[in-house]
Structures are given as C-alpha cells and as structure tokens.
Amino acid sequence: PIDPLRVQKERDALLKLHQINRALSQEQNMDKLLNMIMDQAIAFTRAERGFLILRHTASATYDVRVARNIGKEVIDHPMFKVSRGIIDRAWSDGQPIVLDNAKDDAEFRSRGSVISLQLASVACLLLKWNGRMMGVLYLDNRFRKGLFEAGDMLLLELFGDEAAAAISHSRLLGDLEQKTQELELMNSRLQLANQELQEKVDHITSRIKLLENEVRMR
C-alpha cells in the first residue's frame, strides 16, 4: 500500500531540491557557490559536519574548499577531521560510500582517523560532471548512527550532480573572465607599444625635416 506521508515527504524533498538547484545555477561567484553547496548539503541531510573537497588531478592532492559544521562555523585544520581512507576508497572506486557506523565497519574501523574521530554516520559523495571526477562531498555525524538513509542518498546524488555542474560552469566563467582580462591587457600593451612606436617615427620624421631645412639653407 502507498504511504501518503512518505509520498508527501518525497514530494517536499524534490521540491526543495529543485529550489536549491535553481539557486546554485544562478550563483556565479565560486566562493559563494561552494559555501551554498556545503550549507545546503548539511541542511538537507542533517549532517553534523560537511567538507567540500576538490582534487587536483595532476598532483593527486586534495584541496578542502569549504569545511563547516551544522552551525555554519568554519572547521579548522579540515584534512585532520576527515577519513582520508574513506575519501581515497570512494575516489578509486568511483562510487559513493555510505556508512551507518564507521566505528563498526569491517573495512574502516581499524583506520586511525575513524578511531580518533569516533565517526558514526559517514557519506562520501563524488562530484562528477561529464564523466570527470572533480572532488567529493564528505558529510558525517559522530553521534548518530544510520543518519544517511537510502532515499536521502538518492536525492543527495542528484544534488551532487547539480553541484558539480554549477562548479564546472563557474570555473568556465572564471576562465573566460580571466582570458578576457588577459586579452584586454594585451590590447592595452599593444596600444601603448604602437603609441611609443608612432612617437619614435614622428621624432625621426621631425629630425629628417630639420636636417633637410638645414641643407637647403646652406
């Protein structure tokens, strides 16, 4: 039988997701966009903490762009507050990882980061766009087990796809703006060089005329 409450909950969640996606698509400033993605992901999943991590493909290094808690407070030294093992596994497998209780998970419970951080619920979602992995959205809660339900994860993956698209779009706009600025700078330098060259030509022309006049007067 259909559960009306569940249907209404899913409908409300999809409507909220649609509103979030529209807001993401309209934000062009990269820093504001990343903060918006992080805050919405935490609010959407009721996670205690969230980390938006982009990865440099060439150097295989991680760059934590946003790290904050449910109170929107910035988390210091963020790479020491996440499980690199979970992130690396999600990245190498190309699949999200969801743990109901990381402290009891057969694969990760012996990891130093899981032990020291006392992690319970963990969700590590890949940010992918056009088949290219850009980074991860890492969410956790150290006190609640089984926080990330299957239905939530399905919607979160849809949110992650939109977030990755928005990040890619913002990067393209940033690159275009930078190239435009570089082109404007090159044009400015070219105009200055042309002006200097013209001044030299005018000076030489004046000097030639002056010499010609001196020759005529002799």
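## A stroll from a pocket to a hairpin

Let's begin at the second largest pocket, which holds about 160 Å³ of space. Keep in mind as you click around that this is a predicted model.

**Stop 1: the pocket lining.** Select Gln28, Met30, Ser170, Arg171, Leu173, Gly174, Asp175 and Glu177, and you'll have the residues that line the second largest pocket. Try coloring them by type: two are nonpolar, three are polar and three are charged. Which helix gives the largest share of this lining? Select residues 150-217 and you've got helix H5, which supplies six of the lining residues.

**Stop 2: strand E4.** Now jump to residues 121-129, which make up strand E4. Is this strand mostly out in the open or enclosed? Seven of its nine residues are buried, so strand E4 is largely enclosed by the rest of the structure.

**Stop 3: the neighbors of E4.** Add residues 97-99 to your selection; that's strand E3, and it pairs with E4 in the antiparallel sense over three bridges. Then add residues 132-141, strand E5, which also runs antiparallel to E4 and is joined to it by nine bridges.

Zoom in on Ala123 in E4, which is the bridge partner of Val98. Ala123 also stands opposite Leu139 in E5, so to speak with a partner in each of two strands: Val98 and Leu139.

**Stop 4: the turn.** Finish where E4 and E5 form a hairpin, with two residues between them. Pick out Asn130 in that turn: its phi is positive, at about 55 degrees.

Methods
Residues numbered from 1 in each chain as written. Predicted model: local features only at pLDDT ≥ 70, side-chain atom pairs only at ≥ 80, totals over all residues. Heavy atoms only, no water. 1 Å grid on protein atoms, 1.4 Å probe; cavity = no way out; pocket = protein on both sides within 12 Å on 5 of 7 lines; lining within 4 Å. Points joined across faces, edges and corners; volume = space filled by probe spheres on them. Helix = DSSP H or I, 4+ residues; strand = E, 2+ residues; numbered from the N terminus. Nonpolar A, V, L, I, M, F, W, Y, C, P; charged D, E, K, R; others polar. Buried < 20%, exposed > 50% of the residue type's maximum accessible area, 1.4 Å probe, protein only. Pairing = 2+ DSSP bridges.
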